[in-house]
Amino acid sequence: MTSAHHAPALPADLISSIDRAGYFPALVADVVSAALGTERIDNHLVHLETTFDRDVVRRHITVLVLTPTRLLIAHADDHADEPPAPQEVATATTESIPLSAVKGVMLTHVVEKPESYVPGTLGREVTLTLGWGTVARVDMVPATCSDPDCDADHGYEGTITGDDIALRISAAADGDDKLQRALAFARELSGAIGQR
């Protein structure tokens with residue numbers, strides 16, 4: 001059974017992208033559909049990331065949806081439930097950000113052998129970073145000085161991290177079609193936030 005039966009409001013190409021990612025597609029499609037409501041989808045990007053946590057493989061899917069008024073971000077992860085119930089569980093979260101609140105779209109292009117760069121190719125890997133500034137995390141640590149014998153209290157220093165999201169898309173790992181889709185999504189989102 002495909003996710004198409006669970007989320008009829010989603011366009012076929014988005015359902016197909018979610019299905020190809022292969023991470024609980026019916027759940028992911030339903031979560032996106034529930035957050036979307038009746039609004040039209042102008043563009044989307046689906047990104048699956050696999051990480052290794054000791055001897056366990058973890059999967060994480062991110063779905064970005066651009067509507068005429070919002071950037072919708074859906075994440076789903078799998079992890080073991082808290083003991084004593086060692087069953088696998090998935091968590092799915094959506095965030096809806098008004099386009100007027102999106103502060104920036106940053107694309108970092110990774111270009112191998114820049115000395116032989118061919119104009120118009122822009123490399124085979126990008127990192128798409130989006131910032132919207134609704135939540136910030138402050139990481140505080142005790143301040144120190146360079147004197148190893150100093151025992152004075154130097155207060156605290158910290159860093160403020162915004163709620164950016166960064167997705168790394170590589171043609172080698174994800175396919176050239178995913179790289180091109182990421183570039184197109186970034187262009188359309190950049191244009192949309194510049195107009196609203």
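A residue counts as buried when its relative accessible area is under 20%, and I begin with that cut-off because glutamate 125, with a relative accessible area of 18%, falls on the buried side of it. Please keep in mind throughout that what we are looking at is a predicted model.

Let me stay with glutamate 125 for a moment, since it leads us to the charged pairs. Glutamate 125 forms a salt bridge with arginine 168, and the closest N and O atoms of the two are 3.0 Å apart. The glutamate sits in strand β6, residues 125–131, and the arginine in strand β9, residues 165–170, so this pair ties together parts that are 43 residues apart in sequence. Arginine 168, for its part, is partly exposed, at 45% relative accessibility.

As general background, side chains of opposite charge can pair when their charged atoms come close. How many salt bridges does the structure hold? There are 5 of them, and I would like to show you two others.

One of these joins arginine 70 to glutamate 39, with the closest N and O atoms 2.7 Å apart. This pair, too, links distant parts of the chain, for arginine 70 belongs to strand β3, residues 70–80, while glutamate 39 lies in the loop between α2, residues 25–36, and β1, residues 43–53, and the two are 31 residues apart. Is arginine 70 buried or exposed? Its relative accessibility is 16%, and because the cut-off for buried is under 20%, arginine 70 counts as buried.

The other bridge I picked runs between arginine 40 and aspartate 42, where the closest N and O atoms are 2.7 Å apart. Here arginine 40 counts as exposed, at 53% relative accessibility, and aspartate 42 is partly exposed, with a relative accessible area of 26%.

Now let us turn from the charged residues to the nonpolar ones. The largest nonpolar core has 25 residues, and those with the most contacts inside it are Leu64, Leu71, Leu99, Leu130, Phe185 and Leu189. At least two residues of this core come from each of β2 (56–66), β3, β6, β9 and α4 (176–195), and of these elements α4 gives the most, with 8 residues. Apart from this core lies another one, of 18 residues, which includes Ala21, Val32, Val46 and Ala76.

Ala21 takes us to helix α1, residues 12–21, in which Leu14, Ile15, Ser17, Ile18 and Ala21 are buried. When you look down the axis of α1, these buried residues fall within an arc of 160°, so they line one face of the helix. It helps to recall that an α-helix has 3.6 residues a turn, so residues three or four places apart point the same way. What does the face of α1 turned away from the buried side carry? That face carries the exposed residues Ala12 and Arg20. Just after α1 comes glycine 22, which takes a positive phi of about 80°.

My last topic is empty space, which can be found by rolling a probe the size of a water molecule over the atoms. The count comes to 1 cavity of 30 Å³ or more, and about 30 Å³ of space lies in the largest cavity. Its lining is made of Val28, Val31, Ile61, Val63, Ala74, His75, Ala76 and Ala92, with two or more residues coming from each of α2, β2 and β3. Strand β3 gives the most to this lining, with 3 residues, and by class the lining has 7 nonpolar, 1 polar and no charged residues.

The largest pocket holds about 320 Å³ of space. It is lined by 13 residues, of which His47, Leu48, Glu49, Ala173 and Asp174 lie nearest its centre. Helix α1, which we met a moment ago, supplies at least two residues of this lining, as do β1, β9 and α3 (171–174), and β1 gives the most, with 4 residues. The lining of the largest pocket divides into 6 nonpolar, 2 polar and 5 charged residues.

The second largest pocket, finally, has a volume of about 200 Å³. Among the residues that line it are Val110, Tyr117, Ser170 and Glu125, so that we end at the residue with which I began, the buried glutamate 125. By class, the lining of this second largest pocket has 5 nonpolar, 3 polar and 3 charged residues.

Methods. Residues numbered from 1 in each chain as written. Predicted model: local features only at pLDDT ≥ 70, side-chain atom pairs only at ≥ 80, totals over all residues. Heavy atoms only, no water. Salt bridge = Lys/Arg side-chain N within 4 Å of Asp/Glu carboxyl O. Buried < 20%, exposed > 50% of the residue type's maximum accessible area, 1.4 Å probe, protein only. Core = buried A, V, L, I, M, F, W, Y, C linked by side-chain atoms within 4.5 Å. 1 Å grid on protein atoms, 1.4 Å probe; cavity = no way out; pocket = protein on both sides within 12 Å on 5 of 7 lines; lining within 4 Å. Points joined across faces, edges and corners; volume = space filled by probe spheres on them. Nonpolar A, V, L, I, M, F, W, Y, C, P; charged D, E, K, R; others polar. Arc of directions from axis to C-beta.
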